[in-house]
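Got your viewer open and a cartoon on screen? Here's a short walk through the model, one selection at a time.

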Amino acid sequence: MNFQAIAIARQAITDKHGTQKPQLTFCGEMPCPICSAGKLSYQISAVNGHIAAKCETENCVQWME
Ligand SMILES: [Zn+2]
């Protein structure tokens with residue numbers, strides 16, 4: 001697991017959505033900022049603002065907080 005890739009992908013999500021937790025758990029996707037080929041699907045928890053994300057490209061980024 002590449003922690004730098006996770007940090008970059010997480011930053012892309014918080015740049016887009018901010019760091020405040022959403023009122024309702026939010027699910028979205030964006031072109032993956034790491035591989036540029038896949039889609040990065042993510043979820044931002046309304047409970048604690050934690051982000052879980054996964055790129056559809058195998059062995060690209062994936063994490064859960
Ligand atoms: Zn990717």
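What spacing do the donors of the zinc ion follow along the chain? They go C-x2-C-x19-C-x4-C. Before you click, two notes: this is a predicted model, where local features need pLDDT of at least 70, side-chain atom pairs count only at pLDDT 80 or more, and totals for chains, interfaces and linings use all residues. Residues are numbered from 1 along each chain as its sequence is written, and side-chain values use heavy atoms, with hydrogens and water left out.

**Stop 1: the zinc ion**

Select C32, C35, C55 and C60: their SG atoms are the protein donors, lying 2.3 Å from the zinc ion. (Donors are N, O and S atoms within 2.8 Å of the metal, or 3.2 Å for Na, K and Ca; water is not among the atoms, so sites may look incomplete.) The four donor atoms subtend angles of 105 to 114°, which makes the arrangement tetrahedral; four donors earn that word if all angles lie between 85 and 135 degrees. For reference, the ideal angle for four tetrahedral donors is 109.5 degrees.

Now keep just C35 and C55. This pair links distant parts of the chain, 20 residues apart: C35 sits in the loop between β1 (26-31) and β2 (39-44), and C55 in strand β3 (residues 51-55). Strands here are DSSP runs of E, at least two residues long, and helices are runs of H or I, at least four, all numbered from the N terminus. C55 is buried at 2% relative accessible area, while C35 is partly exposed at 26%. (Buried is under 20%, exposed over 50%, partly exposed in between, with a 1.4 Å probe and protein chains only.)

**Stop 2: the sheet**

Color the strands. You get an open sheet of four in the order β1-β2-β3-β4, with antiparallel pairing. β1 and β4 are at the edges with a single partner strand each, so one side of each has no neighbour in the sheet. Pairing takes at least two DSSP bridges between two strands; β1 and β2 have six, and five join β2 to β3. To find the register, look for C27 opposite Q43, E29 opposite S41 and I44 opposite I51.

Show side chains along β2 next. L40, Y42 and I44 point to one face and are buried, whereas K39, S41 and Q43 point to the other and are not.

**Stop 3: the helix and the core**

Swing round to α1 (3-17). The helix α1 lies across β1, β2, β3 and β4, at about 65° to β2. (Axes are lines fitted to C-alpha atoms, for helices over the stretch in contact, with angles from 0 to 180 degrees between N-to-C directions; contact means heavy atoms within 4.5 Å.)

Which residues touch the most other members of the largest nonpolar core? Pick I13, L40, V61 and W63, out of 15 residues. (Such a core is a set of buried Ala, Val, Leu, Ile, Met, Phe, Trp, Tyr and Cys residues joined through side-chain atoms within 4.5 Å.) The largest share of this core, four residues, comes from α1. Center on L40: leaving aside residues up to four places away in sequence, its contacts include A9, I13, M30, C55 and V61.

**Stop 4: positive phi**

Finish with the backbone. S36, in the loop between β1 and β2, has phi near 65° and is exposed at 60%. N59, in the loop between β3 and β4 (62-63), also has phi near 65°, and is exposed at 78%. Last, G49 takes a positive phi near 75° in the hairpin of β2 and β3, which has six residues between the strands.

Terms used:
Four donors count as tetrahedral if all angles lie between 85 and 135 degrees; four count as square planar and six as octahedral if opposite donors are over 155 degrees apart and all others between 65 and 115; anything else is irregular.
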